[in-house]
Amino acid sequence: MSVTIAMPRMSTDPELTAAQAKYPESLARAGADVRWVELSDPERAVQEALTCDGLLLPGGGDMDPQFYGQGRIPACGEPNLLRDAAEPPLLRAFLAADKPVLGICRGIQVMNVVLGGTLYQDIKPFAHVPHNDHWAKIHTVTVRRGTKLEQILGQDTVLVNSQHHQAVDRIAPGLTLAALSEDGIVEAIEKPDAKFCLGVQWHPEWLSAADLAMQGLFDAFVAACRH
């Protein structure tokens, strides 16, 4: 059975950057193809995306804090208006259809905000380990026992890369904490009553070619899309 994963187009440039290409490469190793969804018409984006088997919410810039009831602080980046408008209805539609969702970096933050949580607009004042390297495994994540994430990774600590300055603050109702960094920053959340709804703060797509556990995240996501 062929599996197609919907992904919001991350920019208006039709050529994929090296970073964007990591997602389809990781999904291809798991046996899935990507359909990039144009976001200029959110209603049409939802209709197109729902023809796919799952939704991957990728990394990117900061979400507008108005979505979680805050004003922007100077450290918060400029919002991506297309993604901010289209990704919430995409997520709601996939959850309503009980189709699998995987969120990465910005994706975990969108997931938390859409379901009623909040974000730290800038973690730099209280982060005590590095959170700024796509390529290297720069800090440890502790995985909570009994979570889907632990089941997928098969271990309760993992070394991860990290490229973010925002993070989940108050976890949304219905979501559960799945992993923390050494400095207490939320690194993964999941929705236990969903078929598959998992968000991670790190970038497994940069590690998956050489790390079976990181590739395992994509394998588990695509396996859920098959059933």
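**Exercise 1. Work out which exposure class Asp 156 belongs to, given its relative accessible area of 29%.**

Step 1. Recall the cut-offs: buried is under 20%, exposed is over 50%, and partly exposed is in between.
Step 2. At 29%, Asp 156 is therefore partly exposed. Keep in mind that you're working with a predicted model.
Step 3. Now look at its partner. Arg 145 makes a salt bridge with Asp 156, and their closest N and O atoms are 3.3 Å apart. Arg 145 sits in the loop between β7 and α5 (148–153), while Asp 156 sits in the loop between α5 and β8, so the pair ties together parts that are 11 residues apart in sequence.
Step 4. Classify the partner too: Arg 145 has a relative accessible area of 67%, so it is exposed.

**Exercise 2. Classify the two residues of the salt bridge between Asp 193 and Lys 191.**

Step 1. Start with the distance: the side chains meet at 2.8 Å, N to O.
Step 2. Asp 193 has a relative accessible area of 59%, so call it exposed.
Step 3. Lys 191 comes in at 18%, so this one counts as buried.

**Exercise 3. Explain how Glu 87 and Arg 83 are placed in helix α3.**

Step 1. Remember a bit of background: an α-helix has 3.6 residues a turn, so residues three or four places apart point the same way.
Step 2. Apply that here. Glu 87 and Arg 83 are four residues apart in α3 (residues 81–96), which means they are separated by about one helical turn.
Step 3. Check the contact: their side chains form a salt bridge of 2.6 Å, N to O. Both Glu 87 and Arg 83 are buried.
Step 4. Zoom out a little. A network of salt bridges links Arg 83, Asp 84, Glu 87 and Arg 106. Across the structure, the salt bridge count is nine.

**Exercise 4. Test whether the length of helix α1 (residues 18–29) fits the expected span.**

Step 1. Count the residues: there are 12.
Step 2. Use 1.5 Å times one less than the number of residues. For α1 that gives a span of 16 Å.
Step 3. Compare: the end C-alpha atoms are 17 Å apart, which agrees.
Step 4. See what the helix packs on. Its buried residues are Gln 20, Ala 21, Tyr 23, Ser 26 and Leu 27. They pack against several elements, including β1 (3–8), β2 (32–37) and α6 (212–226).
Step 5. Look just past the helix: Gly 31 follows, with a positive phi near 95 degrees.

**Exercise 5. Describe how helices α2 and α3 pack.**

Step 1. Two packed helices are described by the angle between their axes and the distance between the axes.
Step 2. For α2 (residues 42–49) and α3, the angle is about 35 degrees and the axes are 9 Å apart. The crossing is right-handed.
Step 3. Name the residues that touch: α2 brings Pro 42, Ala 45, Val 46 and Ala 49, and among those from α3 are Ala 85, Ala 86 and Pro 89.

**Exercise 6. Find the strands at the edges of the nine-stranded sheet.**

Step 1. Write down the order: β2-β1-β3-β4-β13-β12-β11-β7-β8, an open sheet with mixed pairing.
Step 2. β2 and β8 each have a single partner strand, so one side of each is left without a neighbour in the sheet.
Step 3. Follow β7 (residues 139–143). Four bridges join β7 to β8 (residues 157–160), running antiparallel, and His 139 has Val 160 as its bridge partner there. Three bridges join β7 to β11, also antiparallel, with Val 141 opposite Ser 181.
Step 4. Split β7 by face: His 139, Val 141 and Val 143 are on the covered one, Thr 140 and Thr 142 on the uncovered one.

**Exercise 7. Is Ala 172 buried or exposed, and what does it touch?**

Step 1. Locate Ala 172: it's in the loop between β10 (167–168) and β11 (176–181).
Step 2. Its relative accessible area is 2%, so Ala 172 is buried.
Step 3. Leaving aside neighbours within four places in sequence, Ala 172 is in contact with Asn 112, Leu 115, Gly 116 and Gly 117.
Step 4. Compare sequence and space: Ala 172 and Met 111 are 61 residues apart in sequence, yet 8.6 Å apart C-alpha to C-alpha.
Step 5. Check the helix that holds Asn 112 and Met 111. In α4 (residues 106–114), nine of the nine residues are buried, so the helix is largely enclosed by the rest of the structure. Gly 116 follows α4, with a positive phi near 110 degrees.

Note on methods: Residues are numbered from 1 along each chain as its sequence is written. This is a predicted model: local features need pLDDT of at least 70, side-chain atom pairs count only at pLDDT 80 or more; totals for chains, interfaces and linings use all residues. Side-chain values use heavy atoms; hydrogens and water are left out. Helices (H or I, at least four residues) and strands (E, at least two) are DSSP runs, numbered from the N terminus. Buried means under 20% relative accessible area, exposed over 50%, partly exposed in between (1.4 Å probe, protein chains only). Contact means heavy atoms within 4.5 Å. Two strands pair if DSSP finds at least two bridges between them. A salt bridge is a side-chain nitrogen of Lys or Arg within 4 Å of a carboxyl oxygen of Asp or Glu. Axes are lines fitted to C-alpha atoms, for helices over the stretch in contact, and angles run from 0 to 180 degrees between N-to-C directions. A crossing is left-handed if the near helix is turned anticlockwise from the far one by less than a right angle, and right-handed if clockwise.
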